[in-house]
Structures are given as structure tokens and as C-alpha cells.
Amino acid sequence: MAAQQLYKSYLRLCEKWGVDSAKKGRDLGEFIRQQVGKEFSQGGSTNIQNLKECEQKLASLNRLANNQYGDKYRWTKPVTASTLSLEECQRVLSTAGLQEINENKLSLWEKMKQFINKP
């Protein structure tokens, strides 16, 4: 794949990925955009040192963005190891949630329980 095509493919991946504003500075979509900007500093005319590796990374990221493994290995019960629901996990892992948890002087588990039980 030529560098121009590869660049366009990475741009399509970035469009597909999206950015989670609740994870400011810690979002994977944001990180991918930054890396694409670094690797393709001259856009499609950038000279890529290892084309094969770049194509492999793109294929891997596309599999993640398309939720290939989530669809292939469905959960029978949507439960996490912490027994929190998906919504509760998202709330705890948001930037605001992590800041609030870190402000308390409790153990991590106690902080999470306290944060979840908050109205």
C-alpha cells in the first residue's frame, strides 16, 4: 500500500474511532490522532520507514474500531470483575470520577463504592 493510501486509511480510522470527552488527555482516540499526526507529518507524501509494520498497526486498530473481538466473543453476562455495571465503570473511569476518587483518603475499593453509591 502506498503512503498516500495508508494515510487516507488512517484518517478514515480516526473518523471511525471518535473521542471520549469524559477522558480528556487519556482517550485512546485522541492518542491515535496524535500518533497519526506524528507519523504522517507531511500528510500522504511522508516517507514511511517500515511500511509493513505501519499496515499491520492499521489492520489491528481497524479490528479494534470495528469491535471484531467484541462481536466474536460475546459476553453471556455483562458483569465485570469489580461487579460494577458498564455505566458505573464508565462513570468511575471518567476524568471527573477519577479526580473525585483521588481526593478521598480511603482505599481504592472503598472510594469506588462511595463514588458509585452517590446520587
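**Salt bridges, a pocket and a surface patch**

Let me begin with a pair of side chains, those of Lys-57 and Glu-53, which meet in a salt bridge at 3.3 Å from N to O, where a salt bridge is a side-chain nitrogen of Lys or Arg within 4 Å of a carboxyl oxygen of Asp or Glu. Before going on, I should say that this is a predicted model, in which local features need pLDDT of at least 70 and side-chain atom pairs count only at pLDDT 80 or more, while totals for chains, interfaces and linings use all residues. Residues are numbered from 1 along each chain as its sequence is written, and side-chain values use heavy atoms, with hydrogens and water left out.

Why can such a pair form? Side chains of opposite charge can pair when their charged atoms come close. Here, Lys-57 and Glu-53 are four residues apart in helix H3 (residues 51-65), so about one helical turn separates them; helices are DSSP runs of H or I with at least four residues, numbered from the N terminus. Lys-57 is partly exposed at 47% relative accessibility, and Glu-53 is also partly exposed, at 35%, given that buried means under 20% relative accessible area, exposed over 50%, and partly exposed in between, with a 1.4 Å probe and protein chains only.

How many salt bridges does this rule give? The count comes to two, and the other pair is Arg-74 with Asp-71, whose side chains meet at 3.0 Å, N to O. Arg-74 counts as exposed at 59%, whereas Asp-71 is partly exposed at 40%.

Lys-57 brings us to the second largest pocket, since this residue is listed with Tyr-10, Gln-35, Glu-39 and Cys-54 as lying nearest the pocket's centre, among 17 lining residues. Helix H2 (28-39) and H3 each supply at least two residues of this lining, and H2 gives the most, with six.

Finally, let us turn to the surface, where Leu-64, Tyr-69 and Tyr-73 make a nonpolar patch of about 340 Å². Patches are made of residues with over 30% relative accessible area and no salt bridge, with like charges joined within 9 Å and nonpolar side chains (Val, Leu, Ile, Met, Phe, Trp, Tyr) within 5 Å. Of these residues, Tyr-69 has its place in helix H4 (residues 68-72), and with a relative accessible area of 39% it is partly exposed.

Methods: Areas by Shrake-Rupley, 256 points an atom, 1.4 Å probe, with all protein chains shown as cover. 1 Å grid on protein atoms, 1.4 Å probe; cavity = no way out; pocket = protein on both sides within 12 Å on 5 of 7 lines; lining within 4 Å.
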